Amino acid sequence: MRLWIRDPLAIMAQSARGGIVVEDGRITELVPSGGRPENHDGIFDASRHVVLPGLINTHHHFYQTLTRANPAAINKELFPWLKALYPIWAGLTPEALRLATRLALTELMMSGCTTASDHQYVFPRGLEHALDIQAEEALALGMRMTLNRGSMNLSIKDGGLPPDSVVQDADTILADCERVIARYHDQSEGAMLQVALAPCSPFSVTKELMAGTAELAKRCGCRLHTHLSETNDEDAFCRATFGCRPVDYLEDVGWLSDNVWLAHGIHFDDGEMQRLGNAGVGVAHCPASNMLLASGQCRTLELEAAGVTVGLGVDGSASNDNSNMMEGVRQALLLNRLRYGAAAVTHHDVLRWATEGSASCLGRSDIGRIAIGMQADLALFTLDELRFSGAGDPLAALVLCGAHRADRVMIKGRWTVEDGIPVGIDVAKLRHEHGAIAKLFAEAA
Ligand SMILES: Nc1nc2[nH]c(O)nc2c(=O)[nH]1
């Protein structure tokens, strides 16, 4: 089947003004303005649609959809926020994680996201198969995913921040990392599932586990992810505990490497940014979370100038508190304009971060762009709502007027959202089931 997505209102590919042809899950032809493809078996009329490469979310914690706007945690900065939430997250069960994953993936997909990277780092007793649950849910929805095998092994009694109830020992963690890599890490082009290893943060993981995880990732050809340089509290923790700043710590544990992307990356100095750029490290910029937790402002343009790839993340749903990628694109524009001025950061820049930049953070060259040979992952938005009425430039309008819901989403050549509705998902039922289980977490606060 060769499907011609014909004559889009606008498209994020200069040479495809007449649309694109999708075949066997990939983009096989770009059609110039006024042109027709060589041949096709079907047509989707995109004359009402702005067509983007599917958005790619580089950082999330799906389980946190169960503790959105939790009274115990709202209006706090990162450390007190975490201390309030860890004991609640200790109640995470397989069923709760399943519903949280299904809900977060559906919410992301409805916002135009086609690939999601989830940092699952709490493993209370009974949740040993967390990543298997997440893999099942992603495959059932047809969503591409990087499963991050997160970890914490430094609890309060050893000088860390989390309580014992949410940490595991290093041997258990590394054994499970090996297991999930063997089972889910698909390095082939067009992979639906990949695995990254993701010790949580300097204040919740030992240096030995950081170093051991880096060795394992190198041996297995997978990527590394962690929270770094998110807050001044973290910086103070690193100085007090390791006698150095977070980037020195990163180097010490063998993480200054091109298979690494970091969540947040806010408080680097110029020299540190250059060291990260020279090493080929990426940064997942999470504007909503950084504003909500008052963590600070990522120096995106200086990072890019130093050679660091910038991608976008919505971050966990207890510090956003939604999972809307398109809203994240707008938040990135607004926040970065405040720092750099109106001309320095455009809608093209923030859309590039959410697509190409994010793909690069996840180590993928087969998604994130509309080009021949790329996977057919697309997000199509209409401008039919009141908020767009009167808009001039359709691509700019998506970001400036605040698009938040895709009309159509395609992943690997298959429509997964049609007329704004996720295919095969009963959204009302999902909302009811997730809401019921989340209520138990609210009551535990
Ligand atoms: N924004 C967040 N930062 C974090 N650091 C850490 O250790 N956990 C988190 C988290 O859940 N969100």
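Reader: In which loop of this predicted model is Asp321 found?

Author: In this predicted model, Asp321 belongs to neither of the two elements that flank it, strand S14 (309-312) and helix H11 (325-340). The peptide bond that leads into Asp321 from Asn320 is cis, with omega near 0°. The place asked for is the loop between strand S14 and helix H11.

Reader: Which residue has a positive phi although it is not a glycine, and where does it lie?

Author: The residue lies in the loop between strand S1 (2-6) and strand S2 (10-11). Its phi is positive, at about 45°, and the residue is Asp7.

Reader: How confident is the predictor, in terms of the mean pLDDT of the chain and the ipTM of the complex?

Author: For the chain, 100% of the residues reach a pLDDT of 70 or more, and the mean is 98. For the complex, the predictor gives a pTM of 0.98 together with an ipTM of 0.99.

Reader: Which polar side-chain atom lies 2.7 Å from a nitrogen atom of the ligand?

Author: Among the 15 residues around the ligand, those that come nearest are Gln64, Tyr121, Ser201, Glu230 and Asp315. Gln64 places a polar side-chain atom 2.8 Å from an oxygen atom of the ligand, and Ser201 likewise has one 2.7 Å from a ligand oxygen. The contact to a ligand nitrogen atom, at 2.7 Å, is made by a polar side-chain atom of Glu230.

Reader: How much of the accessible area of the ligand does the protein cover?

Author: The space that the ligand takes is the largest cavity. On its own the ligand has 300 Å² of accessible area, and the share covered by the protein is 100%.

Reader: Which helix gives the largest share of the shell around the ligand?

Author: By residue type, the shell divides into seven nonpolar, six polar and two charged residues. The largest share from one element is three residues, and these come from residues 78-89, that is, helix H1.

How values were computed:
Residues are numbered from 1 along each chain as its sequence is written. This is a predicted model: local features need pLDDT of at least 70, side-chain atom pairs count only at pLDDT 80 or more; totals for chains, interfaces and linings use all residues. Side-chain values use heavy atoms; hydrogens and water are left out. pLDDT is the predictor's confidence in each residue, from 0 to 100. A residue is near a molecule or strand if one of its heavy atoms lies within 4 Å of it. A polar contact is a pair of N or O atoms within 3.5 Å; within protein, one must be able to donate a hydrogen and the other to accept it, and residues adjacent in sequence count only if both atoms are side-chain atoms. Accessible areas come from the Shrake-Rupley method with a 1.4 Å probe; for residues, only the protein chains shown count as cover. On a 1 Å grid over the protein atoms alone, a cavity is a set of points where a 1.4 Å probe fits but cannot get out, and a pocket is an open set with protein on both sides within 12 Å along at least five of seven lines; lining residues have an atom within 4 Å of a point. A molecule sits in a cavity or pocket if more than half of its atoms lie within 2 Å of its grid points. Helices (H or I, at least four residues) and strands (E, at least two) are DSSP runs, numbered from the N terminus. Ala, Val, Leu, Ile, Met, Phe, Trp, Tyr, Cys and Pro count as nonpolar, Asp, Glu, Lys and Arg as charged, and the others, Gly among them, as polar.
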